Amino acid sequence: MPLDPAIAARLKRTADGLVPAVVQQHDTGEVLMLAWMDDEALHRTLTTGRATYWSRSRRSYWVKGETSGNVQHVRSVALDCDGDTILLRVDQVGAACHTGDRTCFDADRLAVTPA
């Protein structure tokens, strides 16, 4: 069964058919990672409650935690006002980043120097 046509019509995809997905811890607001979804990945996520993404490097679908055990139980999914970004609020079990960090944004903080 494909993605609901009403949802699909709202998506603004990149040239390769993808939409960025920002992933956030549902109860704290912590930003965990950014991934990519196409219509099928979004459909699988909405119908299983497990975060499913499109891997640009492997060119295949992956369910977060399928091999690592660091699963994402989806609590809610929203589109931004333009339909060009998806927000997943999840209950993250274990590390979200493939490096083993809690989030993909822990490792390299940049200095901000206001003008």
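In the predicted model, Gln24 is buried, its relative accessible area being 16%, which falls under the 20% limit applied to buried residues. The residue belongs to strand S1, which spans residues 19–25. From Gln24, the side chain comes to 3.0 Å from the backbone oxygen of Gly29. Gly29 also appears among the residues touched by Gln24 when those up to four places away in sequence are excluded. The remaining partners under this criterion are Glu30, Val31 and Leu32, together with Leu87, Leu88, Arg89 and Val90.

At the level of the whole chain, the secondary structure consists of two helices and six strands. Read from the N terminus, these elements follow the order α-β-β-α-β-β-β-β. The radius of gyration is 15 Å, close to the 13 Å obtained from the globule rule for 115 residues, so the protein is as compact as a globular protein of that length. Along the principal axes, the C-alpha atoms occupy a box of roughly 45 × 40 × 30 Å.

Burial extends to 35% of the 115 residues, Gln24 being one of the buried residues. Among contacts with a separation of 6 or more, 43% are formed by residues 24 or more positions apart.

The accessible surface amounts to about 7,000 Å², and carbon and sulfur atoms contribute 53% of this area. With respect to charge, the protein carries 13 positive and 15 negative side chains. The centres of these two sets are 2 Å apart.

Note on methods. Residues are numbered from 1 along each chain as its sequence is written. This is a predicted model: local features need pLDDT of at least 70, side-chain atom pairs count only at pLDDT 80 or more; totals for chains, interfaces and linings use all residues. Side-chain values use heavy atoms; hydrogens and water are left out. Helices (H or I, at least four residues) and strands (E, at least two) are DSSP runs, numbered from the N terminus. The radius of gyration is taken over C-alpha atoms; the globule rule is 2.2 Å times the number of residues to the power 0.38. Buried means under 20% relative accessible area, exposed over 50%, partly exposed in between (1.4 Å probe, protein chains only). Contact means heavy atoms within 4.5 Å. Accessible areas come from the Shrake-Rupley method with a 1.4 Å probe; for residues, only the protein chains shown count as cover. Lys and Arg count as positive and Asp and Glu as negative; His and the chain ends are not counted. The place of a charge is taken as NZ of Lys, CZ of Arg, CG of Asp or CD of Glu. A polar contact is a pair of N or O atoms within 3.5 Å; within protein, one must be able to donate a hydrogen and the other to accept it, and residues adjacent in sequence count only if both atoms are side-chain atoms.
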